[in-house]
Each structure stands twice: as structure tokens, then as C-alpha cells.
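Subject: Structure for you to look at

Hello,

I am passing on the structure we spoke about, and I would be glad if you could open it alongside this message. Below it I have written out what was found, so that you can follow each point on the model itself.

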Amino acid sequence: MMSLEGKVAIVTGASRGIGKGIAIQLAKAGACVVINYRSNDEEAEKTYQEIKKIGAYALKIKGDVSDYEFSKQMIKTTVDKLGKVDILINNAGISKIGLFMDATPAEWNNILDVNLKGTINCSHSVVRQMIKQKSGSIINISSMWGAVGASCEVIYSASKGAINSFTKALAKELAPSNIRVNAIAPGVIDTEMNGWLSSDERKSLIDEIPMMKFGEVSDVGMLVTFLASENSKYITGQVITIDGGML
Ligand code: NAP
């Protein structure tokens with residue numbers, strides 16, 4: 001087991017899906033976990049209770065990561081209550097399926113605001129603290145579509161491609177300060193984000209995956225735990241794909 005005993009981690013978008021899976025794996029490794037989410041109090045409470053059951057410390061902070069002032073406040077609250085931030089997981093994200101030519105400016109601004117600017121906001125807010133601490137690990141949840149692009153998810157793909165280059169550039173800038181920055185690019189993971197798929201669409205998607213199944217949120221959580229731990233201390237600036245061999 002990779003130990004994160006005594007570490008403080010913030011996971012954005014942790015009320016459900018991949019973020020919840022990450023929060024639980026980090027808690028199992030011994031971290032104190034801040035559960036950020038935007039709206040779903042009931043699901044956030046479930047994440048909170050599961051972490052308490054594991055015996056780890058958890059704190060819920062509700063708010064929108066696309067709001068810079070909120071992201072700054074979230075870091076401040078964490079430091080006020082827990083003294084530091086060792087790990088930031090920029091996971092909160094949204095997608096909208098549809099043709100590029102049917103998209104509206106409000107829709108693409110929303111995707112870019114949450115996925116890309118949310119990642120930039122939280123990173124910018126946490127780096128000053130991590131520089132003070134002379135250590136830290138930032139992990140951005142990208143997507144395999146960020147590397148290769150997906151039809152009908154054009155703006156989403158663009159947001160994730162930008163997260164990949166943001167990760168690589170920030171890693172170079174922060175490496176001398178002993179802060180590592182990596183990204184994880186999941187393939188198809190079984191969450192509500194894919195809830196719009198019909199059972200036929202699910203089947204044909206599974207046919208495209210050499211491992212013949214969707215990934216589980218815990219698969220991403222275990223990779224995050226590795227990247228957050230000392231076991232990966234020489235890894236920075238990487239985008240690691242976890243897709244059952246799909247790409
Ligand atoms: P999900 O099930 O739809 O969950 C999204 C989470 O993000 C929820 O906790 C939601 O909180 C939160 N959130 C949304 N907008 C937010 C905002 N502005 N501020 C704070 N929190 C916000 O999504 P998922 O499938 O777990 O995806 C998580 C991440 O993995 C995303 O970045 C996504 O792009 C990426 N990803 C997913 C897949 C996949 O197959 N599922 C594949 C590749 C990459 P509330 O419910 O409280 O609003």
C-alpha cells in the first residue's frame with residue numbers, strides 16, 4: 001500500500017464519479033481529504049460518510065471551481081483548518097455531446113470555464129502555498145480525447161488538450177520548487193458522465209476497448225494515489241493514459 005499518512009488532499013468534483021473514487025482511494029491510503037463539489041449535497045454527504053467509515057478525516061467544501069475567488073477561498077479554508085495542502089486533484093469537469101456547429105457560445109464557455117479555467121484557478125490558488133511548503137503534487141484529470149480528439153465532443157477535447165499542455169508547462173516551471181504536476185487521461189470510465197449512452201451504444205463502445213470493459217473509478221483512484229505518493233517522486237510533466245488499451 002502506498003502511504004499518504006498525514007497528507008492533505010483536495011479533490012475537486014468529488015461528490016460523484018471519478019472524483020469520489022479518487023477521494024476514497026486517497027482516504028484509504030491515509031490522507032485527509034477535502035471533498036469539493038458544486039451542487040449535489042446528498043452525494044457529497046455520501047462521499048463524506050464513506051471516508052469517515054474508512055477512518056480518515058474528511059471536509060466538504062461546496063463551490064464552483066470556475067470561480068477564481070471561490071478556488072482561492074477553498075485553499076485558504078483548507079490551510080486554516082488543516083495547516084497545509086500536499087495534493088491537489090483537479091478532477092471537476094463537464095461535457096456536452098453534440099455537433100460543433102450546434103454548440104452555442106454559452107455552452108463552450110461553460111465547458112472551458114469548468115474544465116480548463118477551473119484547473120487553472122485551483123492550481124494558481126494552491127501553488128503559492130505549495131511553494132511555501134517546498135513540496136506538493138498536482139494531478140489534473142484530463143481525457144484520452146485530449147490527445148486524439150473526439151467527434152461530437154470538440155470543445156471538451158480542446159479543454160482536455162489544453163490541460164495536457166498546461167500540465168507539461170507548469171511541471172517545468174514548478175519542478176525546481178519540488179512541486180510535481182502530472183495528468184491522467186482516462187478512457188471510458190463507468191460514471192454518470194456516460195449515463196446518456198443507450199445499452200446498444202455501451203455495447204459497441206465496449207467492442208472498441210481491447211480489455212472489453214469500461215474502467216472503474218477505483219482504477220483512476222489507484223493511479224492518482226501512486227502519482228500523489230513518494231513512489232512516483234521522479235515523475236513530473238507526464239500525461240498518463242488509463243484506457244484498457246483503447247487508444
Ligand atoms: P461526473 O460523474 O459527471 O461527476 C462530475 C463531478 O464534478 C461531480 O462531483 C460534480 O459535482 C463536479 N462538478 C461539476 N462542475 C463543477 C464545478 N464547476 N465546480 C466544482 N465541481 C464541479 O463526471 P466523471 O465522469 O466522474 O468525470 C470526472 C472527470 O473525469 C472530468 O474531468 C471528466 O472530464 C474526466 N473524464 C471522465 C471520463 C469518463 O468516462 N467518465 C473519461 C475521461 C475523463 P456536483 O454533482 O455536485 O455538481
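In this model, which is predicted, the helices α4 and α6 cross each other in a right-handed sense. Helix α4 covers residues 105-133, while α6 runs over 154-174. The two pack at an angle of about 15 degrees, and their axes lie 9 Å apart. Because angles under 35 degrees count as roughly parallel, α4 is described as roughly parallel to α6.

If you would like to find the contact yourself, look on the α4 side for W108, I111, L112, N115, L116, T119, I120, S123 and V127, and on the α6 side for I155, Y156, S159, K160, A162, I163, F166, L170 and L174. Sorted by class, this contact between α4 and α6 consists of 13 nonpolar residues, four polar ones and one that is charged.

The other feature to look at is the largest pocket, which holds about 1200 Å³ of space. Its lining is made up of 47 residues, and those that lie nearest the centre are G93, I94, S95, T191 and M193. Helix α6 appears here again, since the elements that give two or more residues to this lining are α1 (17-28), β2 (32-37), α6 (154-174) and α7 (199-207). Of the elements, α1 gives the most, with three residues. By class, the lining of the largest pocket has 21 nonpolar, 17 polar and nine charged residues.

Best wishes

Key
Residues numbered from 1 in each chain as written. Predicted model: local features only at pLDDT ≥ 70, side-chain atom pairs only at ≥ 80, totals over all residues. Heavy atoms only, no water. 1 Å grid on protein atoms, 1.4 Å probe; cavity = no way out; pocket = protein on both sides within 12 Å on 5 of 7 lines; lining within 4 Å. Points joined across faces, edges and corners; volume = space filled by probe spheres on them. Helix = DSSP H or I, 4+ residues; strand = E, 2+ residues; numbered from the N terminus. Nonpolar A, V, L, I, M, F, W, Y, C, P; charged D, E, K, R; others polar. Axes fitted to C-alpha atoms, helices over the stretch in contact; angles between N-to-C directions. Parallel < 35°, antiparallel > 145°, perpendicular 65-115°, else oblique. Left-handed = near helix turned anticlockwise from the far one by under 90°. Contact = heavy atoms within 4.5 Å.
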